[in-house]
Amino acid sequence: MSHSIASTDFLKNEEHAKWHDETLWMIREKRDLASQKVPEWENLRTLASSIKEHVLSNLDHLLLEFEANATKNGIQVHWAKDAQEHNQFVLDILKKQSCAQVVKSKSILTEECHLNPFLEKNGIEVIDTDLGERIVQFLHQPPSHIVLPAIHLKKRDISELFHQKLQTEKGNEDPYYLTQAARNHLREKFLKAKVAITGVNFGIAETGEFVVCTNEGNADMGVHLADVHIACMGIEKLIPRRNDLGVFLRLLARSATGQAITNYTSHFRGPEKGKQIHLILVDNGRTEQLGREKFRNSLKCIRCGACMNTCPIYRRSGGFSYQSTVPGPIGSILSPGLDLKKYSSLPFASTLCGSCTDVCPVKINIHEQLYEWRQEITKANPNYAESLSMKLASGIFKSPLAYRISGFLMRKLIINLPDSLLYNPWNVWGKGRKLPKAPQESFRNWYLNHRKDEQ
Amino acid sequence: MAQTKPHVGLFIPCYVDQFYPQVGKATLEILEKLNCNVSYPLNQTCCGQPLANSGYERDTKDACQHFLSSFLQFDFIVSPSGSCVHHVKERYPKILHDPELQSLLDSKIFELTEFLHDILSLEIQGTFSHKVGYHASCHALRGLGLSKSSEVNTAPFDKVKSLFEKVEGLEWSQLQRSDECCGFGGTFSVKEEAISLSMGKDRLTDHHEAGTEILTATDMSCLMHLQAIEDKNQSSLPVMHLAEIINQIIS
C-alpha cells in the first residue's frame, strides 16, 4: 500500500487526525523551548554532526577498538551481519539459559529485526517493558513512533485495553491508575525474568561501555534482576570517547521530548560477578548505506524522533502509514536502502519543506536525501506513464515555442471548458480545490504589448 | 547602485506567466520604479523544478542550459518565487556537474524581496492599512534563508518583514504556527492529495483565527493552493503576492 492511500485512510477520522497532529506539535513546541534554554544549541548540533562524521569515516577501526575494550571488560561481543543472524544469537543465548520468558526494554533495532515474532515462533514469550511498547504489544501492533510507540492511541483506547488485559476498572481513564496497573503487571514479569534484552543508545569505543537511556527505568529493572543481559546495538551507534557523550545526551532528550535529560541514563561497562552481558553488533544494511555517498549521513541518526514530531505529513498520517520500522522523514531515507521497491512511495511523502533538516540534532540533510531518493527510485522502478509525461515536459521546457503553445492551451482550456469537465473524478487537484481563474492573456503577451516596443 | 542602473533579467515562473500575469507585472513595475533596467527574456521557459522534484532531475539538463543561456548575461536575475530561485541556485550546479557555477549564481540570482533587501537595501515608505498574514514559503524560508526558521536557535531575523518596517498601518498576523508548510509541494499536491488539503486547511484556519485580512507570500504556488481551497469552500480570504502589495505601496 502506498503512503498516500494509508494517509487518506488515517485522515478519514478527522477528529483523531487533528488530535494526533496537535499532540505531536505540542512535543515539537516543548523541544523548541528546551533547546532555546541552551545558548550553544546550534554549536552542539554542529559538534554532534562532526563527531558522527568522524565515526562514519572511521567505523572499522572504532568498532574493533570498541570490541577489544568491551571484551576486556568481560562483555561477550557478537557480530551479526543481518537480522536473521541477530535473532539467532538471541535465541541461542536464551536456549542456553533455558529461558522461556524474556523481558525487553525499548529497542527499535529489535523491531527492525522482527525479533519478537521470531522468538515467539520458537516458543519464547517476549514481554516489552516500556509502557507504550507493552500497550502496542497487547494490540499486536508495531510502534507507530520510535520514541512514543503508542502515540496513535488515546487514553480511552488504553483504558479499554487494560480493562480486557489487566482487568482494570471499566471506564477508568485516570493515567495514574492505568500506569499503576501496568507497573504491577510488569513487576511480576521482571521478577521472573532470567534474561533481559535492551537496546543501546551509545557505544563508547574508548571504554568499551555502552549507554541506555530510558524514562521509565525499565531497562535497569530488567537488567539488574536478570542473570543475563543481551544488548542489541546497530553498528552506527558508536561514539569515540566518553567525553563525546555529553554532547549527545544534551541533544537527545531535548530533541525527543523537551526534557533536559532522560530520567535514566545507564552505563553498562561489564557484568556483575556471576552474571553475563552479551552485546550483539548488528549491520543489517548499514554498511551498504555507508557506501552510498548521498545517503551515508542518515547513519548519524540518534533516534530522537524530532523529525517525526515536526513533520506536517507524519503528524497528519500517523506512523503506520509509512509501513516501515522507522517511520517519518528519517525512516523515509533509511527504508529505501533496505528495500527500494517496497518503500518507493516514502520519499514522495514530503513537500521537501526542510523542517526535518532544521530540527535534526545531528544535522542530517533529511529533505535533500528525500529528493535524492526520488531520483534513485525513478531510475530503478520506472513508471512508464509518468516517465513519458516527464520526457514530454522536458521537451517542452527546453523549447520556448512548445512551452508557449502548451501554456496557451492550458489557459484556454481552463477558461473555456465547463466545470463538469474540469472537476471530473480524475482531476485530483479539483476534488478539494478550485482551479486558478485563468486570465485572458499571459504575462508574456502583456509584456509584448506594453513593453517590448520600448526596448 | 545609484550611479549605474543594474541590468535585471526578469525570471517569471511558468505558472505565474500563465495564471498570474499581475504578479509578473507588479514585479516588473517595482524594479522599474526602483531604477533598474529590466528585461524579460522572451524565450524563457520553466526552470525544471517540477520534473526534478518528481525524481526526473536527469531529464532537466537541457532546461537548465536553456535557462542559463537566457539569463546569465544579466547583472542580476530576479524572480517573484523563492521556490524557483532556490531550485536554480541550489540544484543547477549539481545537475550540470559544474561546481563553479555556484558562486556565479550566488551573486546573480535573487528572489524579489531578497533582491530588494540585499542588493537595493530598500526600506519601503508608504501606507498599507491592513492586517496581513504572511505565509513563510518553505523554499524561501529554509531554502534561501530569507528569515530564521522556528526550529533553529540563532538570532531572529526576517528579510521580508524588515522591508516593511517603515510602512504605516500594516500589522502582521500572529500565527499559532509561524512557518508550517502549506502542503502544496508541487506534484505532492496531487500525489498526496488528502494530506495536502489537510495542511492547507490548517494554515487557512490559523490565518482566519489570527484575523488575517490579506494573505501574502513570496510564492504564488503556495498562495494558489491556499486560495484554491478557500474558493472551493466558498470562503474569501483575499490573496495578494508580496510583489502586488509592495507595488501598491510604492506607487
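# Exercises on a predicted two-chain model

Trp79(A) stands opposite Leu281(A) in strand 10 of chain A. The exercises start from this pair. This is a predicted model, in which local features need pLDDT of at least 70, side-chain atom pairs count only at pLDDT 80 or more, and totals for chains, interfaces and linings use all residues. Residues are numbered from 1 along each chain as its sequence is written, chains are lettered from A and ligands numbered from 1 in the order in which they are written, and side-chain values use heavy atoms, with hydrogens and water left out.

## Exercise 1: the sheet

Task: find which strands stand at the edges of the open sheet of chain A.

Solution.
- Step 1. Helices (H or I, at least four residues) and strands (E, at least two) are DSSP runs, numbered from the N terminus. Two strands pair if DSSP finds at least two bridges between them.
- Step 2. Strand 1 of chain A runs parallel to strand 10 (residues 276-282) of chain A, and five bridges join them.
- Step 3. The open sheet has six strands with parallel pairing, in the order 1-10-7-4-2-3 (chain A).
- Step 4. Strand 1 (76-80) and strand 3 of chain A are at the edges; each has a single partner strand, so one side of each has no neighbour in the sheet.
- Step 5. On average, neighbouring strands of this sheet are turned by 25 degrees against each other, direction ignored.

## Exercise 2: strand 2 of chain A

Task: state how the residues of strand 2 of chain A point, and what its bridge partners are.

Solution.
- Step 1. From strand 2 (residues 101-104) of chain A, Gln101(A) and Val103(A) point one way, while Val102(A) and Lys104(A) point the other way. All are buried (under 20% relative accessible area, with exposed over 50% and partly exposed in between; 1.4 Å probe, protein chains only).
- Step 2. Strand 2 and strand 3 (residues 125-128) of chain A run parallel and are joined by four bridges. Here Lys104(A) has Asp128(A) as its bridge partner.
- Step 3. With strand 4 (residues 195-198) of chain A, strand 2 of chain A pairs in the parallel sense over three bridges. Val103(A) is opposite Ala196(A).

## Exercise 3: two helix pairs

Task: describe how helix 8 packs with helix 9 of chain A, and helix 10 with helix 11 of chain A.

Solution.
- Step 1. Axes are lines fitted to C-alpha atoms, for helices over the stretch in contact, and angles run from 0 to 180 degrees between N-to-C directions.
- Step 2. The axes of helix 8 (residues 131-138) and helix 9 (residues 155-166) of chain A cross at roughly 70 degrees and come within 11 Å. Helix 8 of chain A is therefore roughly perpendicular to helix 9 of chain A (65 to 115 degrees; under 35 is roughly parallel, over 145 roughly antiparallel, the rest oblique).
- Step 3. Contact means heavy atoms within 4.5 Å. In helix 8 of chain A, Leu131(A), Ile135(A) and Phe138(A) meet residues of helix 9 of chain A, including Ile158(A) and Lys165(A).
- Step 4. Helix 10 (residues 175-192) and helix 11 (residues 218-225) of chain A have axes 8 Å apart, at an angle of about 35 degrees.
- Step 5. Arg187(A), Phe190(A) and Leu191(A) in helix 10 of chain A meet residues of helix 11 of chain A, among them Asn218(A) and Met221(A).

## Exercise 4: the domains of chain B

Task: say how many residues of each domain of chain B are in contact with the other.

Solution.
- Step 1. The domain assignment, automatic or from a database, gives domain 1 (7-119) and domain 2 (126-249) of chain B.
- Step 2. Their centres, taken over C-alpha atoms, are separated by 21 Å.
- Step 3. In domain 1 of chain B, 26 residues are in contact with 22 residues of domain 2 of chain B.
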